[in-house]
Structures are given as C-alpha cells and as structure tokens.
Amino acid sequence: MRSVEVEAALAAHGTLGVAVFVVTSAMAVLMPAMTNLPLVPLAVLAWGPWWTATLLLLGWTAGSALSFALGRHARELILRHFPSVQRHADIERLIHPRQRLVSLVLLRVTFPVDVLSCALGLFSPRTTLAESTLATVIGAAPFALLFALAPVLPPLAQLALFVGSALVFVAYLLWVL
C-alpha cells in the first residue's frame, strides 16, 4: 500500500483512526503482550509527530490509570487470599516520603508502565490515582516524543538514536548490577 492510499484512508476515517490509536495505546498498557508501536509511523504520516506523541501519551495515561484502578480494586481480594504477597511486594520502600512525585516519575521512567501502574494500585496504599497519573504524564512524555519523532528523522539520525539509547541502557544496566 502506497503512502497516498494510507493518507486517503486515514483522512476518510480521521476520528475513528484517532480513537483506534488511543484505545490501542491504552490496551497496550493493560495487556503487556500487545503493542501498537507498529501503528506509530502511520500515525505520524496522518497527524504528524507532535499529535502522534500527544495521542500516544493520552492512551498510555488512560491505560495506566485503568491498570492502577484495577490493581486497587483487586488489592483486598489478593491480600486476603495471599497475605504474604504484601511482604514481598514492598514498593513503598522505593517511594521517598517527602519526594513522592519525583520518586514516582523516576519509577515510571525505569519500569514498564503496565507493571508499575498495577503494582502501585496493589501494593502502594499511599499512592493516589492522581499521583500515579501525573507521574505517568511526566515520565512517559519523553518516550512518546521519542517514538513519534523517530520515524521522521533521517536514517543516520535514527541509527544514532538507537545506538545512543542502547548505550544508555547498557550503562544503566551496569550501574544497577
């Protein structure tokens, strides 16, 4: 399919395309095995990188909020049937009591959105939905921009971005180990 045909299809179904993109972004947070990242180049083609990043972030934020709410809802049931889980899943120790938002943003940058949102809902009774959502917006925004801007960069810049990201990841991994 040529880019002209893709653009025509997206233009004919603009609202539906936006809705599908945002919903699949949210579902990717709720179901870790699913991703909508292959749709990002099409979204960039249709709406440009800035709108794509905004829509991607909107979907991730909605999925994160849903994951947090589901975790919070399941908290009592899980802890009633598996009380020792709380002892092993002490996520509160990773959140500085006076710098909660900063801690949550750093956790958001470090851990996958889906895992962290559910874990905060389940095992962090002091974390609110508002704190988790704000941390998602702040911590995930750079990644949304990165994923949305990468398709419009020249191939050499994409390669440099990939190599730079890989080096940062390796440095982080060495620091953690």
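**Helix packing and cores in a predicted model**

Me: In this predicted model, is the crossing of helix 3 and helix 7 left-handed or right-handed?
Reply: Helices here are DSSP runs of H or I with at least four residues, strands are runs of E with at least two, and both are numbered from the N terminus. A crossing is left-handed if the near helix is turned anticlockwise from the far one by less than a right angle, and right-handed if clockwise. By this convention, the crossing of helix 3 and helix 7 is right-handed.

Me: How many helices does the protein chain hold?
Reply: Residues are numbered from 1 along each chain as its sequence is written. The model is predicted, with local features needing pLDDT of at least 70, side-chain atom pairs counting only at pLDDT 80 or more, and totals for chains, interfaces and linings using all residues, while side-chain values use heavy atoms and leave out hydrogens and water. From the N terminus on, the elements run α-α-α-α-α-α-α-α. There are zero strands, and the number of helices is eight.

Me: How are helix 3 and helix 7 oriented to each other?
Reply: Axes are lines fitted to C-alpha atoms, for helices over the stretch in contact, with angles from 0 to 180 degrees between N-to-C directions. The axes of helix 3 and helix 7 come within 8 Å and cross at roughly 155°. Angles under 35 degrees count as roughly parallel, over 145 as roughly antiparallel, 65 to 115 as roughly perpendicular and the rest as oblique. Helix 3 and helix 7 are therefore roughly antiparallel.

Me: Which helix gives the most to the largest nonpolar core?
Reply: A nonpolar core is a set of buried Ala, Val, Leu, Ile, Met, Phe, Trp, Tyr and Cys residues joined through side-chain atoms within 4.5 Å. The largest has 15 residues, and those with the most contacts inside it are Phe 21, Val 40, Leu 56, Trp 60 and Ala 144. Helix 2 (14–30), helix 3 (40–81) and helix 7 (129–149) each supply at least two of its residues. With eight residues, the one that gives the most is helix 3.

Me: Is Trp 60 buried or exposed?
Reply: Buried means under 20% relative accessible area, exposed over 50% and partly exposed in between, with a 1.4 Å probe and protein chains only. Beyond four places in sequence, Trp 60 touches residues including Val 29, Ala 140 and Phe 147, where contact means heavy atoms within 4.5 Å. Because its relative accessibility is 11%, Trp 60 counts as buried.

Me: What kind of aromatic pair do Trp 60 and Phe 147 form?
Reply: Rings of Phe, Tyr and Trp (its six-membered ring) pair if their centres lie within 6.5 Å; planes under 30 degrees apart count as stacked, over 60 as edge-to-face and the rest as tilted. The count by this rule is two aromatic pairs. Trp 60 and Phe 147 lie 6.0 Å centre to centre, with 85° between the planes, so the pair is edge-to-face.

Me: How are helix 5 and helix 6 oriented to each other?
Reply: The axes of helix 5 (residues 100–110) and helix 6 (residues 113–123) come within 8 Å and cross at roughly 140°. This angle makes helix 5, relative to helix 6, oblique.

Me: What is the relative accessibility of Ser 124?
Reply: Ser 124 lies in the loop between helix 6 and helix 7. Leaving aside neighbours within four places in sequence, its contacts include Arg 72, Glu 92 and Arg 100. Ser 124 counts as buried, with a relative accessibility of 0%.
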